[in-house]
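Hi everyone, thanks for coming. Today I'd like to walk you through one protein and the molecule it holds, so have a look at the picture while I talk.

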Amino acid sequence: MTRLKTSDISNISSRLETYNQELLSKTDRSLLGIACHACGKDEIQISRRIKSFCIHVVPVTAGQGIITDFSETVAAILKFLGFTALVSDLPDVSGVARAFENKADAIMMADDHRFVGLNLNTRSVADNSEATGRVFAAALDLMARGIENRKVLVMGCGPVGEAAAQTLLSSGARVGLCDSHFPAARLLKERLSVYPGGNNIVIEADINMALLNYEYILEATPSADTISDRLIRDHMVIAAPGVPSGISKKGCQILKDRLIHDKLELGVAGMAICLVL
Ligand code: 2YH
């Protein structure tokens, strides 16, 4: 699991409006719109509710400790979406207690293993990996102007890839799974076979061969340079939640509007919208 670094996130807050415009031009939806699409929620109804929905972001010192700017960046994304959000001035248990005492609607917090949102009224839990997979799958659906019946290569069969594959299958896509650790792809195929669309899965053993046969890619690996520049073709469309990104700087320039990648924004948006009733 990749631990974010301050250098990964330090520009996010100041670039939210620019990123939002980028998303609009690539998908016709805003950050909020894509997250609503991922959660199957109506954007207008959600917009009315989120202003009065208060989220405390609680810094966590456990394990490797606080990442400078992490909580502040999460809160900035939440505020950009329209939530009432603040970074708790107390970390850990004290921050959690303060959120309950102040009647916050939800908490967001992360240690080295999980990043979660907890709705304090309904007890629902939004997991960052799951939300990230679902929201990037939704972004790919929007970029493709409908992913139904399209072939999508899901690279990386960890929790993000799993949630993405499940979302894509339920949207009617045909999914190819690949992972550098072959048994991970096999086990994921088995798990997904019981869900809607579960008969639409194949395993791709050779990633480079597979990249020649798919136009729609969901890159959810924790490795750099998984898609080499020479394999990027004219009609390829990529949603890439993996950190670090599997696409090089030059690859990003080639893909231009056919690539969506970020390190925190869409995942946090997906978590937050799932927390709102
Ligand atoms: O980056 C992480 C983990 N890799 C979890 C990611 C789940 N997709 N955690 C952030 C740790 C934040 C830190 N404890 C803080 O500043 O509060």
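I'll start with the ligand, move out to the pocket around it, and finish with two spots in the backbone.

Before anything else, please keep in mind that this is a predicted model.

So, who surrounds the ligand? There are 16 residues around it, and those that come nearest are Thr-2, Val-60, Ile-67, Ala-110 and Asp-111. If we sort that shell by class, we get nine nonpolar, four polar and three charged residues.

Now zoom in on the nitrogen atoms of the ligand. Which part of Ala-110 comes 2.8 Å from a ligand nitrogen, backbone or side chain? For Ala-110 the partner is a polar backbone atom. With Asn-128, on the other hand, a polar side-chain atom lies 3.0 Å from a nitrogen of the ligand. Ser-129 also uses a polar side-chain atom, at 3.5 Å from a ligand nitrogen. And how much of the ligand does the protein cover? On its own the ligand has 460 Å² of accessible area, and the protein covers 95% of that.

Let's step back to the space itself. The ligand takes up the space of the largest pocket. That pocket holds about 890 Å³ of space. Its lining is made of 42 residues, and the ones nearest the centre are Met-1, Thr-2, Arg-3, Asn-128 and Ser-129. You'll recognise Thr-2 from the group nearest the ligand, and Asn-128 from its contact with a ligand nitrogen.

Which elements build this lining? Helix 5 (70-81), strand 3 (106-110), helix 7 (128-143) and helix 8 (159-170) each give two or more residues to it. Helix 7 provides the largest share, with four residues. By class, the lining of the pocket counts 20 nonpolar, 14 polar and eight charged residues.

Finally, the two backbone spots. As a bit of background, most residues other than glycine have a negative phi, and most peptide bonds are trans. Asp-69 is not a glycine, yet its phi is positive, near 80°. You can find Asp-69 in the loop between strand 1 (54-57) and helix 5, and helix 5 is one of the elements we just met in the pocket lining.

The other spot is the peptide bond between Val-243 and Pro-244, which is cis, with omega at about 0°. Pro-244 sits in the loop that runs between strand 10 (237-240) and helix 11 (249-255).

That's my tour, and thank you for listening!

Conventions
Residues are numbered from 1 along each chain as its sequence is written. This is a predicted model: local features need pLDDT of at least 70, side-chain atom pairs count only at pLDDT 80 or more; totals for chains, interfaces and linings use all residues. Side-chain values use heavy atoms; hydrogens and water are left out. A residue is near a molecule or strand if one of its heavy atoms lies within 4 Å of it. A polar contact is a pair of N or O atoms within 3.5 Å; within protein, one must be able to donate a hydrogen and the other to accept it, and residues adjacent in sequence count only if both atoms are side-chain atoms. Accessible areas come from the Shrake-Rupley method with a 1.4 Å probe; for residues, only the protein chains shown count as cover. On a 1 Å grid over the protein atoms alone, a cavity is a set of points where a 1.4 Å probe fits but cannot get out, and a pocket is an open set with protein on both sides within 12 Å along at least five of seven lines; lining residues have an atom within 4 Å of a point. A molecule sits in a cavity or pocket if more than half of its atoms lie within 2 Å of its grid points. Ala, Val, Leu, Ile, Met, Phe, Trp, Tyr, Cys and Pro count as nonpolar, Asp, Glu, Lys and Arg as charged, and the others, Gly among them, as polar. Grid points are joined across faces, edges and corners, and a volume is the space filled by probe spheres set on the points.
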